[in-house]
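Please open the model in your viewer and keep a selection panel at hand. The tour below goes from one selection to the next and says what is found at each stop.

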Amino acid sequence: MERLIDDFIGKRKEDGLLRELKPASMRSGGKIEFSKRVLADFSSNDYLGLSGHPLLIEASKNAAEKFGISSCGSRLLSGNLSLHEELEEKTAKFKNKEAAIVFNSGYQANVGIIGALYSQGDCIFADRLIHASLLDGIILSGAKLFRFLHNDCNHLESLLKKERGKFKNCLIVTESLFSMDGDKAPLTKLVALKNKYAAWLYVDEAHATGIYGSDGAGLVQANRLESEVDLIMGTFSKGLGSFGAYLAASKRTVTYLVNTCRSFIYSTSLPPTVIAANLASLDLVKKEPQRRIKLLENAQYLRQKLADKGWKIKGESQIIPLIIGENQQAVSYSQALQNRGYWVLPIRPPTVPKGQARLRFSLTYDHPKEILSKLNDDLQKIKI
Ligand SMILES: Cc1ncc(COP(=O)(O)O)c(C=O)c1O
């Protein structure tokens, strides 16, 4: 085993792919501190800048005083507080679905839900760029997986035409806003295909929740497709500035999952402090649309500046991937930006395809335009 570990580390180092953890001593207001140095943080998913909001902190404090720190059990034992049910009701309303079920993380939701609903003899058609947690859920389910080219409904339909008839149940899986490319799924077309081929549609709204739609519910809401998308999954851990995840679906589906979903059943439920913060965050997202409006305006501003300078950028959202290509070059750019005061990390394979290593600028409400303008200027000065 030791030899295997040494060989792995050696190879990863050689390929410029060895990842190392670095502890931050502070992270707030769009800034992060490492070794007494404060940098502008372009790597967090705190898109709306809610993680340090006084109302979330107050809600957490109150819940800790009332219920203690832990929920002390799984939901089916003593870990089911009134707060959990309140959050599920509120989430269902927010997402305009009959019911919702809360999970401990987006990873646990995706891994658990798909395996609880689908199994051998079923088929799942998934976008090539879906998140690892979705892929792991599909693999665990035992259903036959077909991957379609990213956002390519023609390719998806050709696969459905050829394969759908050979299987029992069928699921189409996508993210609504892709985390590494910052682009949006063609949801209306996917709904048409799922209806035509008798499938269900699973949409992961992790990066769209809080940012898009009239109430900030996400891209399913923005496209008015709530009644058409069977399974709307999302997280509280990104735009909502907190932690945990949910699935919004029909009441029967939620009841089925409460009884069968292993990642829901066999884990201590989220602590009251987190649930209370999630409740406060849902209120804030509705009440403060200016956060998402400013975020998207700023994202457009930086995108335009980078494009004007000839950088290759992808997508159309608050996530701005700047494609570099080679792993080592991406690492060098990231290092040079860190030296100039920006915390921007290189994203490399296997997270993204080979040859598409990139810098991923994750914008938040806490980044003023001046920082974005300075970032653009500084980027031009770097010579690799
Ligand atoms: C699309 C997508 N789904 C799910 C997850 C997992 O969510 P969590 O961080 O809450 O486990 C992530 C987070 O990285 C994600 O990007």
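Is F125 buried or exposed, and what is its relative accessibility? The model in front of you is predicted, and in it F125 counts as buried because its relative accessibility is 0%, where the cut-off for a buried residue is under 20%.

Keep that region for a later stop, and select strand β4, residues 99-103, where five of the five residues are buried. If you display the side chains, you will find A99, I101 and F103 pointing one way from β4, while A100 and V102 point the other way. Now add strand β10, residues 245-249, which runs antiparallel to β4 and is joined to it by five bridges; one place to look at is A99, whose bridge partner in β10 is A249.

Stay on β4 for its ring contacts. The structure holds eight aromatic pairs, and one of them is formed by F103 and F264, an edge-to-face arrangement with 6.0 Å from centre to centre and 70 degrees between the planes. This pair links distant parts of the chain, since F103 lies in strand β4 and F264 in helix α10 (residues 262-265), 161 residues apart. Both F103 and F264 are buried.

Returning to F125, select F146 along with it: the ring centres are 5.0 Å apart and the planes stand at 20 degrees, so this pair is stacked. Here too the pair links distant parts of the chain, with F125 in strand β5 (residues 123-127) and F146 in strand β6 (residues 144-148), 21 residues apart. F146 has a relative accessibility of 11% and therefore counts as buried.

For further rings, select F42, Y342 and F361, which ring pairs link into a cluster. Two lysines are also worth displaying together with the rings they cover: the charged end of K22 sits over the ring of F34, 5.0 Å from the ring centre, and K369 lies over the face of Y301, at 5.2 Å from the ring centre.

The next selection is helix α3, residues 82-95, whose 14 residues reach 20 Å from the first C-alpha to the last, close to the 20 Å expected at 1.5 Å a residue. Colour its buried residues, which are L83, H84, L87, E88, T91, A92, F94 and K95, and then bring in what covers them, including α2 (54-67), β4, β10 and α11 (272-287). Just after α3, a backbone view of N96 shows a positive phi of about 60 degrees.

Move on to an open sheet of four strands, with the order β1-β2-β3-β12 and mixed pairing. Its edge strands are β1 (26-28) and β12 (342-343), each of which pairs on one side only. Between β1 and strand β2 (residues 31-34) the pairing is antiparallel and extends over three bridges, and if you select M26, you will find that its bridge partner in β2 is E33.

The last stop is N376, placed in helix α14, residues 369-381. With a relative accessible area of 2%, N376 is buried. Leaving aside residues up to four places away in sequence, the residues that N376 touches are L302, K305, L306 and K309, and displaying these four around N376 completes the tour.

Technical notes. Residues are numbered from 1 along each chain as its sequence is written. This is a predicted model: local features need pLDDT of at least 70, side-chain atom pairs count only at pLDDT 80 or more; totals for chains, interfaces and linings use all residues. Side-chain values use heavy atoms; hydrogens and water are left out. Buried means under 20% relative accessible area, exposed over 50%, partly exposed in between (1.4 Å probe, protein chains only). Helices (H or I, at least four residues) and strands (E, at least two) are DSSP runs, numbered from the N terminus. Two strands pair if DSSP finds at least two bridges between them. Rings of Phe, Tyr and Trp (its six-membered ring) pair if their centres lie within 6.5 Å; planes under 30 degrees apart count as stacked, over 60 as edge-to-face and the rest as tilted. A charge sits over a ring if NZ of Lys or CZ of Arg is within 6 Å of the ring centre and within 35 degrees of the ring normal. The expected span of a helix is 1.5 Å times one less than its number of residues. Contact means heavy atoms within 4.5 Å.
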